[in-house]
Amino acid sequence: MPQDTENENSRLLKRLAKYLPRGCIREGDHVPVSGSGSFYTDAQGKEYLDFSSGIFTNSFGHGCARLNQAGFKQAERLANIHGRHCAAELTFYRRLFSHLPAEDYKAIPYNDGGYTIDRGLSDVINHFGKRRVGIAAYRNGFHGKTQAGKLLINETRKAALYDNFQIDFPNCYRCPWKKKKTACDMECAEAACSKLREKEARALIFEPVQGAGILVPPPDYWKAIERFCREQGIVLFADEVLTGGGRTGEYLACTRFGIVPDLIALTKGLANGKPLSVLLEREYLTGNQYAVRPLERASTFAAHPEALAVAGELLLMLEEGEILPRVRRYGKLLAEGLAELPGRFLQVGDVRSLGLMAAVEFVRDKESKEPDPLFSMRVFDQCRKSGLETIGGGHILRLAPPLNIEEDDLLRGLAILAECIAEVQAGGMKSE
Ligand SMILES: Cc1ncc(COP(=O)(O)O)c(C=O)c1O
């Protein structure tokens, strides 16, 4: 690869910078221009193995002919409609509902995660007669960037319409009770329940696997929380924006953990990168006296026919390709590969995964476990230079390969990652 600082990537970005707010463009960034399967190519012709999947969206990778065809065919028939329904929506729901943990869900379509969470919160508030009730969320969680979504995880500001407060997400690597990963009495669940009781929570929103750090709770954690919430009449709102669509090896992570939430938000894994989301609510929530008129739930691009057609086809492909068992199988491979890293590298504090979502946590040393964001950023950059696209953020590097990735490519990605950590640890940064 030529060492050209004025290459096509930087030329394009330089021109773009004129139109974008400061900080949008990162020095040395590249511009993806085309892709096929688990790979994409930048403007300079360099190829990347894509372990980011368009931030967890492209379950079947880039340029998937069958999904594209489904979208084109629908687009030829009908453009966007507003507040109306189409046949592609029916096909999608028929296939989607076979993956839900109960039969009495109702679907409310949108086109992104934030809107979906916002609608769900409104419906929870309506359910409690518009009274100001306590709604709990997990610390360090993420539920989108609407004002309501941001306030869920805000420790210092009060939400206007509900009492927002936070509880701690289970973190086995940093267990406050110093218990071993597989041998504990789930003190974390007990602590969560007592905070919910103390604050008189009426609803709890949660990511089954917390996305920012790919924190995977102990296997029975969610069952314990669900049991408590049922006893106390607390509404359970699962934010499966990141985990839904097969990423964990079940269509829903909640199914993997054996629980049945009252609301479920889905987006990223629905339509191979096309904007579509759906809020699923148990019927008792959609049918109460404060329930809004259907058009009040509508939004400009909600239930977009093209995205719905792709989503319906994707569900068929999941089934035909036996993708979920494959995610579980390859998820094991990924976990095994990652498990070697803490033993090999001082700065790898922990590795975590469920199915094909994974994280490597970088620390300054294993004793202090002090987060090392600089090391993590260097590994991220080194991976890019070596042709592996990952998802960087703070001291955590996340991996989300396409659900249909080939075994060789999965192993190749793992090998590149290990090489890059070794390079950074040795203090050298390999050039392209
Ligand atoms: C768990 C979770 N919830 C909600 C959202 C917000 O989704 P969107 O960016 O589509 O609004 C995200 C986005 O990353 C997410 O990861």
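This briefing describes the domains, ligand shell, strand pairing and backbone features of the structure above. The model is predicted. The domain assignment divides the chain into domain 1 (1–31), domain 2 (66–320) and domain 3 (322–403 + 417–432). An open sheet of 7 strands has mixed pairing, and helix α5 lies across several strands, among them β4 and β10.

**Domains**

- Domain 3 is assigned in two segments, 322–403 and 417–432, whereas domain 2 covers 66–320.
- Between the C-alpha centres of domain 1 and domain 2 the distance is 36 Å.

**Ligand shell**

- The ligand is surrounded by 13 residues, and the closest are Asp112, Gly113, Gly114, Gly144 and Val241.
- Sorted by class, the shell contains 6 polar, 4 nonpolar and 3 charged residues.
- The element that gives the most to this shell is helix α5 (residues 113–127), which contributes 3 residues.

**The seven-stranded sheet and helix α5**

- The strand order of the open sheet is β4-β10-β9-β8-β7-β5-β6, with mixed pairing.
- Strands β4 (105–110) and β6 (163–167) form the edges; each has a single partner strand, so one side of each lacks a neighbour in the sheet.
- On average, neighbouring strands of this sheet are turned by 20 degrees against each other, direction ignored.
- Within the sheet, strand β8 (residues 235–239) runs parallel to strand β9 (residues 263–266), and 3 bridges join them. Ala238 has Ile264 in β9 opposite.
- Helix α5 lies across β4, β5 (134–138), β7 (201–206), β8, β9 and β10 (277–282), and runs at about 20 degrees to β10.

**Strands β1, β2, β3 and β13**

- Strand β1 (residues 32–36) is antiparallel to β2, and the two are joined by 4 bridges. Pro32 faces Asp42 in β2.
- The hairpin of β1 and β2 has 2 residues between the strands, and Gly37 there adopts a positive phi near 60 degrees.
- Strand β2 (residues 39–42) also pairs with strand β3 (residues 47–50), in the antiparallel sense and over 3 bridges. Phe39 is located opposite Leu49 in β3.
- The hairpin of β2 and β3 has 4 residues between the strands, with Gly45 at a positive phi near 90 degrees.
- Side chains alternate along β2: Tyr40 and Asp42 point to one face and are buried, while Phe39 and Thr41 point to the other face and are not buried. In a regular strand such alternation between the two faces of the sheet is the general pattern.
- Strand β3 further pairs with strand β13 (residues 388–389), in the parallel sense over 2 bridges. In this pairing Asp50 is opposite Glu389 in β13.

**Positive phi outside glycine**

- Most residues other than glycine have a negative phi.
- Phe56, although not a glycine, has a positive phi of about 70 degrees. This residue belongs to helix α2 (residues 53–56).
- Phe56 counts as buried because 23 other C-beta atoms lie within 10 Å, and the cut-off for a buried residue is 20 or more.
- Lys369, likewise not a glycine, has a positive phi of about 55 degrees. The place of Lys369 is the loop between β12 (357–362) and α14 (373–385).
- Lys369 has 14 C-beta neighbours inside 10 Å and therefore counts as partly exposed, a class that lies between exposed at 12 or fewer and buried at 20 or more.

Technical notes
Residues are numbered from 1 along each chain as its sequence is written. This is a predicted model: local features need pLDDT of at least 70, side-chain atom pairs count only at pLDDT 80 or more; totals for chains, interfaces and linings use all residues. Domain bounds come from an automatic or database domain assignment. A residue is near a molecule or strand if its C-beta atom, placed from the backbone, lies within 6 Å of it. Ala, Val, Leu, Ile, Met, Phe, Trp, Tyr, Cys and Pro count as nonpolar, Asp, Glu, Lys and Arg as charged, and the others, Gly among them, as polar. Two strands pair if DSSP finds at least two bridges between them. Axes are lines fitted to C-alpha atoms, for helices over the stretch in contact, and angles run from 0 to 180 degrees between N-to-C directions. Two residues are in contact if their C-beta atoms, placed from the backbone, lie within 7 Å.
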